[in-house]
Amino acid sequence: MSEAHLERDIVLKLGHQSQCFRICEYHKLRNQLHMFEEGFGHTAVELGPHTNKLGPELVLLKGVTASPDVLLGWLATPHMRGMCTRMYSLHPDAHPLQTKEDLLKELLCHPVPSDPVRLQCHPRSLEEYLQDGLPKWSFHPRHFGSVLHCVELDGLYHFALNSKRDSYLYAPPKEALARHAACCRARKKLEEVFTALGMLTQQFGLAIDIGAAPGGWTSFLAERCTRVLAVDPAEMNSAALRKNVTHLRSSLVACKHCE
Ligand SMILES: C[S@@+](CC[C@H](N)C(=O)[O-])C[C@H]1O[C@@H](n2cnc3c(N)ncnc32)[C@H](O)[C@@H]1O
């Protein structure tokens, strides 16, 4: 069970709309699936730019009581690793502001923090705007006493000046910022399904992977199955060709005929 923590609204910035959608769906089914520990909030909502091209890219977890360590541990699990690029921690009862000018006015009324502040904003352009508008504040990305999180959610501006301890500081792994190799991306999909179904640590007998190249699924299955038959006319990634893997370099139709 997770350590009880001050209630927060946590905003996750994920790499793609489909990831936001899946996280929210898993959250709805959290009592049946194996994706969340306790303390991950009572609601998960997809938010973001809502354009035809991009769709939402933020997930708002409302009422989170899990500690930063628990949340960071969850983001490092195989199915989540690399999905999240930023995380913001907000006070659930704070009133949002209508415009970024209102946000700046509010911050100008705030006592100037004695230590440098780290800025984390969504969209990123807000960071420059606030740095310029708060000349008396000192900002530093690494040496700081508190973190100012400002996030635009559906046209309203939310902010929280958090102590280091409550700031849910998150450094995304390199793969969150770069494109994965095709093999790793495919593997993660299967990892996610097995996690959701609570089957990640189970062992199985024979698996037949049809259309297996370059081998993301095959490498995942090879760790859990006694034997894997990988059927694909294309070349497999050598990392997937473990001892218990047989690569049948043929198309499924051809296999049927030559039996
Ligand atoms: C998207 S890739 C599969 C990725 C793979 N699941 C992984 O984890 O790396 C689709 C593969 O299906 C193979 N394929 C398409 N038609 C096939 C057929 N009739 N029989 C076997 N493989 C086929 C293609 O050669 C291609 O490598």
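This passage walks through a predicted protein model, from its overall make-up to its sheets, its cores and the surroundings of its ligand.

The protein contains 8 helices and 10 strands. Of its 259 residues, 32% are buried. Contacts often link distant parts of the chain: among those between residues at least 6 apart in sequence, 59% join residues at least 24 apart.

A good place to begin is the sheet made of 4 strands. This sheet is open, its strands follow the order 2-3-1-4, and the pairing is antiparallel. Its edge strands are strand 2 (40–47) and strand 4, each of which pairs on one side only. On average, and with direction ignored, neighbouring strands here are turned by 20° against each other. As general background, the strands of a sheet pair through backbone hydrogen bonds, in either a parallel or an antiparallel way.

The individual pairings can be followed in the structure. Strand 2 and strand 3 (residues 58–64) are antiparallel and share 6 bridges; here L47 has L58 of strand 3 as its bridge partner. Strand 1 (residues 8–14) and strand 4 also run antiparallel and are joined by 6 bridges. Within this pairing, V11 is matched with Y88 in strand 4. Strand 4 covers residues 84–90, and 5 of its 7 residues are buried, so this strand is largely enclosed by the rest of the structure.

Helix 1 (residues 17–28) lies across strand 1, strand 2 and strand 3, and runs at about 150° to strand 2. Two of its residues help to locate it. Q19 belongs to helix 1 and is partly exposed, with 19 other C-beta atoms within 10 Å. Leaving aside neighbours within four places in sequence, Q19 is in contact with L14 and M83. Between Q19 and E46, which are 27 residues apart along the chain, the C-alpha atoms are separated by 9.9 Å. K28, also placed in helix 1, is exposed, with 11 other C-beta atoms within 10 Å. Although K28 and A44 are 16 residues apart in sequence, the distance from C-alpha to C-alpha is 7.7 Å.

A further open sheet is built from 3 strands in the order 5-6-7, this time with mixed pairing. Strand 5 (117–122) and strand 7 (156–163) stand at its edges; each has a single partner strand, so one side of each is left without a neighbour in the sheet. Neighbouring strands of this sheet are turned by 15° against each other on average, when direction is ignored. Strand 5 and strand 6 (residues 146–153) run parallel and are joined by 6 bridges, and R118 stands opposite V147 in strand 6. Helix 4 (residues 125–133) packs on the sheet, where it touches strand 5 and strand 6, and its direction makes about 135° with that of strand 5.

What lies inside the protein? In soluble globular proteins, nonpolar side chains tend to be buried together. In this model the largest nonpolar core has 38 residues, and those with the most contacts inside it are I10, V11, L12, V59, L61 and C150. Strand 3 gives the largest share of this core, with 5 residues. For I10, with neighbours within four places in sequence left aside, the contacts are L61, V64, L71, M87, S89 and Y168. A second, separate core of 14 residues includes W217, L221, V228 and A230.

I10 also offers a way to place H91. These two residues are 81 apart in sequence, yet their C-alpha atoms are 8.8 Å apart in space. H91 sits in the loop between strand 4 and helix 3 (100–109). Is H91 buried or partly exposed? With 17 other C-beta atoms within 10 Å, H91 falls short of the 20 needed to count as buried, and so is partly exposed.

The last stop is the ligand. Around it are 17 residues, of which A186, G211, G216, W217 and L252 come nearest. By type, the shell divides into 12 nonpolar, 4 polar and 1 charged. Helix 6 (182–196), helix 7 (216–222) and helix 8 (252–258) each supply at least two residues of this shell. W217 thus appears twice in the picture, as a member of the second core and among the residues that come nearest to the ligand.

Methods:
Residues numbered from 1 in each chain as written. Predicted model: local features only at pLDDT ≥ 70, side-chain atom pairs only at ≥ 80, totals over all residues. Near = placed C-beta within 6 Å. Nonpolar A, V, L, I, M, F, W, Y, C, P; charged D, E, K, R; others polar. Buried ≥ 20, exposed ≤ 12 C-beta atoms within 10 Å, placed from the backbone. Pairing = 2+ DSSP bridges. Axes fitted to C-alpha atoms, helices over the stretch in contact; angles between N-to-C directions. Contact = placed C-beta atoms within 7 Å. Core = buried A, V, L, I, M, F, W, Y, C linked by C-beta atoms within 7 Å.
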